[in-house]
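Work through the exercises below with the sequence and the 3D view at hand. Each task is followed by its solution.

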Amino acid sequence: MREVPEVPELTQEQRGRGLSGRVPFQVVEVTGPSMVPTLHHGDWLLVQYGATVRPGDAVILRHPFQQDLLVVKRAAERRRGGWWVLADNIFAGGDSTDYGTVPEELVLARVRARYRPLKKDQRSVWGVVTWAVSALRPVSAARSVSRRLRAR
């Protein structure tokens, strides 16, 4: 995942207009296959820092063993000591089944929406229409295809 590792600070001008603290929203790019089919490599996410996390939410967190690495996972359940997080792609690994419960302070942001950029092979009229229908979507447990597949 490409992103600035720290939550960005507000500029002096923004503070002068009465805003304080940190910027709550940021756009990040997904790299890797761990959240397929919900998120794909190259998707852009609108994330909200400091948002309340509920089971089923996609979240941005610092990797527990390599804290300069940011990852996106599904918050499965709250446990003593933090969150149990899972990859939507069960074959990709790299989730709580490998590193255990993630401490609360390492869960940074909640994913609010996904934007899927137009690909070069989608230049036909039909390609553009199908892209337009699916390009911008909220990312929630209710829309996660993988949660429906896991229930089977």
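In strand β6, the residue opposite Leu61 is Val107. The model is a predicted one, in which local features need pLDDT of at least 70 and side-chain atom pairs count only at pLDDT 80 or more, while totals for chains, interfaces and linings use all residues. Residues are numbered from 1 along each chain as its sequence is written, and side-chain values use heavy atoms, with hydrogens and water left out.

**Exercise 1.** Set out the secondary structure of the chain.

Solution. Start with the elements: there are four helices and seven strands. Helices (H or I, at least four residues) and strands (E, at least two) are DSSP runs, numbered from the N terminus. Then read along the sequence, which gives the pattern α-β-β-β-β-β-α-β-α-β-α.

**Exercise 2.** Find the strands that pair with β6 and give a bridge partner for each.

Solution. Two strands pair if DSSP finds at least two bridges between them.
- Step 1: β2 (residues 44–49) runs antiparallel to β6, with six bridges; here Val47 has Val111 as its partner.
- Step 2: β3 (residues 58–62) is also antiparallel to β6, joined by three bridges, and Leu61 faces Val107 there.
- Step 3: β7 (residues 136–138) forms three bridges with β6, again in the antiparallel sense; Pro138 of β7 is opposite Ala113.

**Exercise 3.** Is strand β6 largely enclosed or open?

Solution. Take buried as under 20% relative accessible area, exposed as over 50%, and partly exposed as in between (1.4 Å probe, protein chains only). In β6 (residues 107–115), seven of the nine residues are buried, so the strand is largely enclosed by the rest of the structure. For the chain, buried residues make up 41% of the 152 residues.

**Exercise 4.** Describe the aromatic pair of the structure.

Solution. Rings of Phe, Tyr and Trp (its six-membered ring) pair if their centres lie within 6.5 Å; planes under 30 degrees apart count as stacked, over 60 as edge-to-face and the rest as tilted.
- Step 1: the structure holds one such pair. The ring centres of Phe65 and Tyr99 are 6.2 Å apart and the planes stand at 85°, so the pair is edge-to-face.
- Step 2: Phe65 belongs to the loop between β3 and β4 (70–79), and Tyr99 to helix α2 (residues 96–99), so the pair ties together parts 34 residues apart in sequence.
- Step 3: Phe65 counts as exposed, at 63% relative accessibility, whereas Tyr99, at 9%, counts as buried.
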